[in-house]
Amino acid sequence: MTLSADNQTAFLRTILNLEVKNGYADRAVIGGLDKYIRKWSADNLQGPAAASINAPLRVLLSGADYAGRSREQREVLVREVLRELEQPAGVKKQVLPKGQRKAPARIVKPAPAVSSEASLDESIAVVRGSGDSMAKKLAKLGVYSVRDLLYFFPRRFMDFSKRTTVSALETGKYQTVFVNIWEANVTMFGRMKGSEAVLGDETGNIRAVWFNQPWVARQLKTNSRIAVSGRVTEFGYRQVFENPEWELIEDKELMHTGRLVPVYQLTQGLFPRQVRSVVKNALDAYLGRTPEFLPQAVRQRCGLIGLQQAIKQAHYPADYASQDLSRKRLAFDELFLLQLGVLDKKREWQEDQPGHKFLINSESLEKFIGSLPFTLTEAQRKVTRDICDDLARDVPMSRLLQGDVGSGKTVVATIALLATVENGYQGALMAPTEILAEQHFATLYKLLSAVAGESSRHDNIYTFEHVFPFDINVALLTGSLSAKEKSAIYEKIKAGEINILIGTHALIQKGVHFSKLGLVIIDEQHRFGVLQRTALRQKGFNPHLLVMTATPIPRTLALTLYGDLDISTINEMPPGRQPIKTRWLTQNDRERASNFIRKQVLEGRQAFIICPLIEESENLEVKAAVAEYERLSSGIFPDLKLGLLHGKMKGADKEKVMSGFKAAKLDVLISTSVVEVGIDVPNATIMLVEAADRFGLAQLHQFRGRVGRGDKQSYCLLLSENPSEYGQERLKAIEEISDGFALAEKDLELRGPGEFFGTRQSGLPDLKMARLSDTQLLEVARREARTLFAKDPGLEHPENRLLAMEFDRIWHKRVEND
């Protein structure tokens, strides 16, 4: 029998859909798909019938050795064939005799794997068991689409995998039993309604209770068989399950009991069983639509399982070994895509357009260096050489300069700015906060004043004479300036009359147009997103880029997060600096700490007091700082001169307080965390941090770096009343470790996946599975990304088509959200 082209297509679609349903196990037909296809094609592909066969089907029919392919390869081939097969067309309506009913046509429902991939971006409201109400609640957790739900991984697992019998249950342990329901009733526990049931198996009976859950009794039907998982306690010398998980034993996979049960992040109105059910429904219906984007060669070299298997095992692992394999694959994906992204950024910045090739005048730079009131360290000189070498090339510089607090990054940045100005270009330095921008402005003024013969100020613009044969104009642009002041600066920037511009994110506003921007310097760059950094860079014709951070980053991590940047490190402190003595104090030591501050002040020193961090509200944090200022002013230090600094103050008021503290007109500065970076007062020798356990290690190290900037012994006192176990570990670390890079390694170890350095703020894709402490996987992902990028930087090869789509989705989404 020879089939028509339409019948061939419909019949083959049925077979392939069955193959999808069977998980590409080559069990859709007896003897395997290869044997069936060979016979089928010999019988049916004759004459005109062969003309209707599309390209993917030709591959399948040409002896493609389906049985010899991996599961992932089979999936790709079957998906391609199903995608291109067309529905039968031109079927005529059958006219039936009056009174005779047509038998309903059998609909072959396509398996989820063959539906359009676009459905992964639909709202989670389309998932069975969800709906608009649940979608709104999950949106609070950042879960909007079906894809988000598939990647909404559990925070942890409850191990209910130990199955036993009723007679073998052990008190105090989490266990699972399969039992019959003998009796279930609503009962009262004091004034609270709940449920009680008598359960049993062939070895004995046990009581189970659910407090404040009367509906459970109505769901437990007598003589039904259920799985029960939970902790067994004793009540009246008898064992009892308290609030256990349970579910009917049916011909399906267990979800809430008898296995490693996922525990998801919740918000108000969401419940554990509800979320597990919806995630499971999403996996069943949509997981097959998730394309395997990682090239097979990469998966084989790195020993990685398939993507669909990894996602399923991430939610419902068969055991801990399966969970580990899943995490390895998903973590690799995150790091691999991240590294491809940063490599792509570096290529885009350095190859798409030529940079400005500067002529480095060593004589004028040495003149400036010689005017400094201190000698540059060897580390500073090496970094300066690296930067000058970059500026002298026609490839735009992309360099990360990292150095511990107080290591002297600003003077290196000033040298780079002077080299830029001497070549006739403008330089811009952007800081994340007004206080830090003002600090840079003040430091630059101090450094240039040492070499300039004279300086003058007019409308927020400082003019320095005799640095070069021409004057240098430096301006400060922040959000707190009036519209008139900003307008005046805008005009001078556009006209090229300002050589160096320092400011906050105001530098990337639409009104700012540079005449000839040659160098962009971004300080504490992790606080700026990709979009902000790109916007500033676009102000000039592919300017050189130098980013700086005082947050030490372990080298492996830096190479992964900032693979688009060359890395320079100032790992040497200026001479004369003494190590800061750090002590963790309890509330019982508060009076002793206050007395120590008073003693230091009477000896002519100054102190910082940092108020507690209140993450929920900056307004509450400000109120707490004001209250602390009033308490200390009236009760503890009534005879000392105190100042108050917080983020809600006007720029002029903040400047007044800071100027007073720098001029030693204030003895103690009470502040919120706005002093974390950039404030330089060499006479300040004490940093006291209230509720220190609320701050991260990096922040505490930054606070500590505000003192110890002179030649006197300095101290960092960390007050904490009742820290958690994790808080205690942080406080012990900061007390024992003074080196910023060693502390960064410890911070990385403590904080775990995705949290170190705030990748969301950095403009990089979020890390959900990757543990940044897993240096071996980091290196493997980085090596594979560099290898692939060297061969196919545009991801244009056929085998990289799905990877290119995933890359675009991840990085495009990241920039949009920035």
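Student: Within what distance do the axes of helix α15 and helix α21 come, and at what angle do they cross?
Tutor: The model is predicted, with local features needing pLDDT of at least 70 and side-chain atom pairs pLDDT 80 or more, while totals for chains, interfaces and linings use all residues. Residues are numbered from 1 along each chain as its sequence is written, and side-chain values use heavy atoms, without hydrogens and water. Helices are DSSP runs (H or I, at least four residues) numbered from the N terminus, and axes are lines fitted to C-alpha atoms over the stretch in contact, with angles from 0 to 180 degrees between N-to-C directions. For α15 (residues 434-451) and α21 (residues 651-662), the axes come within 11 Å and cross at roughly 50°.

Student: Which residues of α21 make the contact with α15?
Tutor: Contact means heavy atoms within 4.5 Å. On the α15 side are Glu-434, Ile-435, Glu-438, Gln-439 and Ala-442. The α21 side consists of Gly-651, Lys-654, Glu-655 and Lys-662.

Student: Which element gives the most residues to the largest nonpolar core?
Tutor: A nonpolar core is a set of buried Ala, Val, Leu, Ile, Met, Phe, Trp, Tyr and Cys residues joined through side-chain atoms within 4.5 Å, where buried means under 20% relative accessible area (1.4 Å probe, protein chains only). This core has 60 residues, of which Leu-138, Leu-149, Leu-330 and Phe-332 touch the most other members. Elements giving two or more residues include α5 (132-139), α6 (146-150) and α11 (320-351). With 10 residues, the one that gives the most is α11.

Student: Which residues does Leu-138 touch?
Tutor: Residues up to four places away in sequence are not counted. Those touched by Leu-138 are Ile-124, Val-143, Leu-149, Phe-152 and Leu-270.

Note on methods. Buried means under 20% relative accessible area, exposed over 50%, partly exposed in between (1.4 Å probe, protein chains only).
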